[in-house]
Amino acid sequence: MLAGASLWGFSGTCGQYLFMNYGFDAKWLTSARMLAAGIILTLITLIKAKGETFNIFKNKKDTITLLYFAFIGLLLVQFSYLKTIAYSNSGTATVLQILFTIIVIFYVCIRTPRAPKAREVLAVFCAVSGVFLLATHGKIGTMAISKAALIWGLISAFSAFVYNTAPVGIINKYGSIKVTGLGMLMGGLVFLIATGSYKSFPVCDIPSLLATLVLCVGGYSNSLHTLLKGNSRHRSR
């Protein structure tokens, strides 16, 4: 768990490194990241689960949920996170994305329904205060980060909310690795074609290739480790 979380954070730093030193494009990195993770996860589930991998497509409702998760959850969270890094840095992008916890709290309170708990109110206050200080450095009326970074960061928070809530039903039914692998594969392939990212390939050397590898695979090491142990029914990321 600790190693997986560390690799996820380090993968964001690798994205910033590629933007700053090699001029990589967020669209290309998103396509590469999703396709790499999607292909790896799907191939391994094909080996371990054989014909069960595509059972989700036999159910129309579950297929629609998977598509929603793939494009509004997985694809949008990947792209918006990388765009936020491109306009700011990996630390800022991570802090802004964590705002999804506020949306989750309100979502749970409305669905339950119940009033937010004291610790939840405190968490919301701390999160909002942190983003305020990050965006203004404590000076009301000034912006310490660009509007583009803030907008993409908020989009990242919303898509992270979708990422964490939309697939719960199908994950419980089919397993998180199958759902995440298929979602990554579909989202990455469609995005690759839609953006034309396949038409160009960034100039690479060994450091950039290593950074790309960590970015594409590092954030999903927890999923791979759990799958290889034979337990695929867990929440991804």
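This protein has eleven helices and zero strands. Read from the N terminus on, its elements run α-α-α-α-α-α-α-α-α-α-α. Keep in mind as you explore that this is a predicted model.

**The protein as a whole**

Let's begin with some overall values. The protein has 237 residues, and 46% of them count as buried. It exposes about 12100 Å², with carbon and sulfur atoms supplying 70% of that area. How much of the contact total comes from residues 24 or more positions apart? Among contacts with a separation of 6 or more, such residues account for 82%.

**The nonpolar core**

Now look inside. The largest nonpolar core has 48 residues. Those with the most contacts inside this core are Phe19, Leu29, Leu66, Leu82, Leu99 and Val179. Which helix gives the most to the core? It is helix α3, residues 60-87, with nine residues.

Leu99 is a good residue to click on. Leaving out residues up to four places away in sequence, Leu99 touches Ala127, Val131, Leu154 and Ala157.

**A walk along helix α2**

Helix α2 covers residues 26-49, which makes 24 residues. From its first C-alpha to its last, α2 reaches 33 Å, close to the 34 Å expected at 1.5 Å a residue.

Both ends of this helix deserve a look. At the N-terminal end, Asp25 caps α2: one of its side-chain oxygens lies 2.9 Å from the backbone nitrogen of Lys27. After the helix comes Lys50, whose phi is positive, near 55°. For background, most residues other than glycine have a negative phi.

Two residues within α2 show what the helix packs against. Thr30 lies in this helix, and is it buried or exposed? Its relative accessible area is 0%, so Thr30 is buried. Apart from neighbours within four places in sequence, Thr30 is in contact with Leu75, Gln78, Phe79, Leu82 and Phe191. One of these partners, Leu82, is also among the residues with the most contacts inside the largest nonpolar core. Thr30 also illustrates how folding brings distant parts of a chain together: its C-alpha atom and that of Leu192 are separated by 8.5 Å, although the two residues are 162 residues apart along the chain.

Ser31, too, is found in helix α2. Its relative accessibility is 2%, so Ser31 counts as buried, the limit being under 20%. With neighbours within four places in sequence left aside, Ser31 is in contact with Gly188, Phe191, Leu192, Thr195 and Ser197. Phe191 thus appears in the contact lists of both Thr30 and Ser31.

**Aromatic rings**

The structure holds nine aromatic pairs. Two of them are set out here.

| Pair | Centre to centre | Angle between planes | Arrangement |
|---|---|---|---|
| Tyr17 and Tyr22 | 5.7 Å | 65° | edge-to-face |
| Tyr22 and Phe24 | 6.3 Å | 85° | edge-to-face |

Why do the rings of Tyr22 and Phe24 count as edge-to-face? Their planes are at 85°, and an angle over 60 degrees is called edge-to-face, so the name fits.

The residues in these pairs can also be described by their accessibility. Tyr17 is partly exposed, with a relative accessible area of 32%. Tyr22 counts as partly exposed as well, at 26% relative accessibility. Phe24, at 5%, counts as buried. Together with Trp28 and Phe201, these three residues form one aromatic cluster.

**Thr63 in helix α3**

Thr63 lies in helix α3 and, at 16% relative accessibility, counts as buried. What does its side chain reach? One partner is the backbone oxygen of Asn59, at 2.8 Å. In addition, the backbone oxygen of Ile56 lies 3.2 Å from a polar atom of the Thr63 side chain. Once neighbours within four places in sequence are set aside, Thr63 is in contact with Ile56 and Phe57.

**A cis peptide bond**

One last stop is Pro113, in the loop between α5 (100-111) and α6 (118-136). The peptide bond from Thr112 to Pro113 is cis, with omega near -25°. As a general rule, most peptide bonds are trans.

Technical notes. Residues numbered from 1 in each chain as written. Predicted model: local features only at pLDDT ≥ 70, side-chain atom pairs only at ≥ 80, totals over all residues. Heavy atoms only, no water. Core = buried A, V, L, I, M, F, W, Y, C linked by side-chain atoms within 4.5 Å. Buried < 20%, exposed > 50% of the residue type's maximum accessible area, 1.4 Å probe, protein only. Helix = DSSP H or I, 4+ residues; strand = E, 2+ residues; numbered from the N terminus. Contact = heavy atoms within 4.5 Å. Phe/Tyr/Trp six-rings, centres within 6.5 Å; stacked < 30°, edge-to-face > 60°. Expected span 1.5 Å × (residues − 1). Polar contact = N/O pair within 3.5 Å; in protein donor to acceptor, adjacent residues only side chain to side chain. Areas by Shrake-Rupley, 256 points an atom, 1.4 Å probe, with all protein chains shown as cover.
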